[in-house]
Amino acid sequence: MKDTPDAGFEVQDTMDSTFSGDSRLKDRERLQALERTGIMDAAPPSSHMRAARLAGRLLKVPVSLVSFVDDTRQYFSAQTGLDSPLSETRTTPLSHSLCQHVVTAEDALVVEDARENPLVCSNGAVTDMNVIAYLGVPIRSPDGYVLGSFCAIDKKPRKWTEDDVSHMRDFAAMIESDLRLRETLEERDIVLQEMNHRIKNLFTIINSILRMERRSHDTAEALAESVGNRLKALADAQQMIVPVIHARQSEGATTTLDALTRKLLSPHGSAHDTRIVIRGDHVPVGPKAAVYLALALHELATNAAKYGGLSQDGGNLSITWSRSDDNTVVMIWEETGLTWEREKPTRSGFGSRLLSIAVEGQLAGQIETEVSVERFVRTLRMPASRLQY
């Protein structure tokens, strides 16, 4: 908690010298966590409104806000006591935001008289919105990023108590529980959509396996044994794509990127298949990240088997990855030897949306696609830290 000059009790300063307030506001992973909530500009959630009303009554303040802060503005998912038109627009630029300081300090901000506080006295909220006394506590995302502030505001000087701070932290915890519930429901929806998508593709994958195996065996017995082994590998790979709720029950790294990739590609080629190359640095993968990586790699492998490098004679697949100097894992998925030009995927199809949700949304990564005659490349860039959660 940041120690303000007029606070009536000791508070801890969590602002470190290597990470400025401005960089915290603009931190890409924090902004992606905020975007994943879908809360900015959304209709006021009833649970947020109830929390704001209860805080106003308990602390006896004219204004209480549930405020989410990006790098340019703040948005109130709930409010009590704001005058029109702000009560309708529910947003202000950062020039009129004290809540931004809760984000940059990553802890509570206690202000008894903003007009005399050097941190906020020049903020437009003080002069234009009559914010005199302010108490704000952090609202954190399920993965720990400070997204905004639950705050109480008085229009006259006020000496806030430790009980006031404790009450506000309890209310903020209610908002955080709502955010966790929203994320869990979204994750389950993603998995259910993927399961439906996977079932539709399953027969295509089996047909591809049969087509590949038919050319490699002279007897029915050999064909049956090899196809049986591949179907077993396919079942094992499918089992890796489990609901996220099970991932939440595990802690620490549960696999590696090499093991995960080989397991998911095993239905499409044996360990001695020279058409498939899998190679990269040792990268631990945590339980939740493994779910989303499995979704992404399974989608890429399915597409390769349907109409890419694994669907025809002469096709090849190379999957390589390495850690860059900034501790980013760069994975290159390259299909070559294609006999037709593959169109660049659009972001509107479910497969492309699934990749975006898994890699860009949940793993804070980036996807680049390169398409040319005889070559199809996906480059995935993901922070190593995100792969360990």
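In the predicted model, Thr336 has Arg375 of strand β13 as its bridge partner. The pairing extends well past this one bridge: strand β11, residues 328-336, and strand β13, residues 375-383, are joined by nine bridges. Their sense is antiparallel.

Helix α10, spanning residues 257-265, packs on the sheet. The helix touches three strands, namely β8, β10 (316-323) and β11. Relative to the direction of β10, that of α10 makes an angle of about 165 degrees.

The sheet itself is open and holds five strands. Their order is β8-β10-β11-β13-β12, and the pairing is mixed. The edges are formed by β8 (276-280) and β12 (366-372). Each edge strand has a single partner, so one of its sides lacks a neighbour in the sheet. From one strand to the next, the twist averages 10 degrees.

Cysteines were examined next. A disulfide is a covalent bond linking the sulfur atoms of two cysteines. With a cut-off of 2.5 Å between cysteine sulfur atoms, the count of disulfides is zero. Cys99 takes part in none. Its nearest cysteine sulfur belongs to Cys151, at 3.8 Å. That separation is outside the 2.5 Å limit, so the pair does not count as a disulfide.

Solvent accessibility was computed for two cysteines. Cys99 has a relative accessibility of 2% and counts as buried, because the buried class lies under 20%. Cys121 has a relative accessible area of 35%. Cys121 is therefore partly exposed, as this class lies between the buried limit of 20% and the exposed limit of 50%.

Terms used
Residues are numbered from 1 along each chain as its sequence is written. This is a predicted model: local features need pLDDT of at least 70, side-chain atom pairs count only at pLDDT 80 or more; totals for chains, interfaces and linings use all residues. Side-chain values use heavy atoms; hydrogens and water are left out. Two strands pair if DSSP finds at least two bridges between them. Helices (H or I, at least four residues) and strands (E, at least two) are DSSP runs, numbered from the N terminus. Axes are lines fitted to C-alpha atoms, for helices over the stretch in contact, and angles run from 0 to 180 degrees between N-to-C directions. Contact means heavy atoms within 4.5 Å. Buried means under 20% relative accessible area, exposed over 50%, partly exposed in between (1.4 Å probe, protein chains only).
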